[in-house]
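Student: I should like to go through the charged contacts of this model and ask how each label is justified.

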Amino acid sequence: MRTIVCQVQAYRTTTAGGEALQNAWAALLWLRRDLQGSKTVTMAEPNGPVVFEAPFISAKDRNRLQWREIQYYLEASERQLRRNIHGSHNIVAENVIEFTFSLDPNDSIAIISITTETGLKTAQYTTRVWLRNMR
């Protein structure tokens, strides 16, 4: 009986760690995609919301590139990283305990760090995104 309990605990620990990693990884993919083509990036405060203008092509007019404002922010009370476009607040990742964003204007590079926690497992991903349109 003791072996089964240990196996179940090991499974839960492994699963929780995998979920924490997957949440951070998925959030970074969304951010990277939106940021790479942005022409402006604004931060109100060091750990506050990040707002940028990203390109999109409207279904109504596929011949014209348009720009839309996208905001990423951490809703700390619910442990969620959210993405806001035109008042539609979508959850990008859950169990997020920290979201940091910094900008190196000289190199047009954004540095993003996301920390997630599931159960007893914590995962942190940090990435650098080259902002192609901000040169």
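The dialogue below takes up salt bridges, burial and backbone angles in turn.

Tutor: This is a predicted model, in which local features need pLDDT of at least 70, side-chain atom pairs count only at pLDDT 80 or more, and totals for chains, interfaces and linings use all residues. Residues are numbered from 1 along each chain as its sequence is written, and side-chain values use heavy atoms, with hydrogens and water left out.

Student: Why is the contact between Asp-34 and Arg-83 called a salt bridge?

Tutor: The term requires a side-chain nitrogen of Lys or Arg within 4 Å of a carboxyl oxygen of Asp or Glu. The N to O distance for Asp-34 and Arg-83 is 2.8 Å, so the pair qualifies. The structure holds four salt bridges.

Student: What does the pair Asp-34 and Arg-83 tie together?

Tutor: Asp-34 lies in helix H1 (residues 2-36) and Arg-83 in strand S4 (residues 80-85), so the salt bridge ties together parts that are 49 residues apart in sequence. Helices (H or I, at least four residues) and strands (E, at least two) are DSSP runs, numbered from the N terminus.

Student: What makes Asp-34 buried or exposed?

Tutor: Buried means under 20% relative accessible area, exposed over 50%, and partly exposed in between (1.4 Å probe, protein chains only). Asp-34 has a relative accessible area of 5%, and therefore counts as buried. Arg-83 is buried as well.

Student: Which other residue forms a salt bridge with Asp-34?

Tutor: Arg-33 does, with the closest N and O atoms 3.2 Å apart. Shared partners join Arg-33, Asp-34 and Arg-83 into one network of salt bridges.

Student: How do you know that Glu-117 and Arg-79 form a salt bridge?

Tutor: Their side chains meet at 3.2 Å, N to O, which satisfies the distance criterion, so the label applies. Glu-117 lies in strand S7 (residues 109-118) and Arg-79 in the loop between strand S3 (65-75) and S4, so this pair ties together parts that are 38 residues apart in sequence.

Student: Why are Glu-117 and Arg-79 called partly exposed?

Tutor: Glu-117 has 25% relative accessibility and Arg-79 has 28%. Each value falls between the two cut-offs, so both residues are partly exposed.

Student: What is noted about phi of Arg-79 and of Asn-95?

Tutor: Phi of Arg-79 is near 55 degrees, a positive value in a residue other than glycine. Asn-95, also not a glycine, has a positive phi of about 65 degrees. Asn-95 lies in the loop between strand S5 (88-94) and strand S6 (96-104), and its 26% relative accessibility makes Asn-95 partly exposed.
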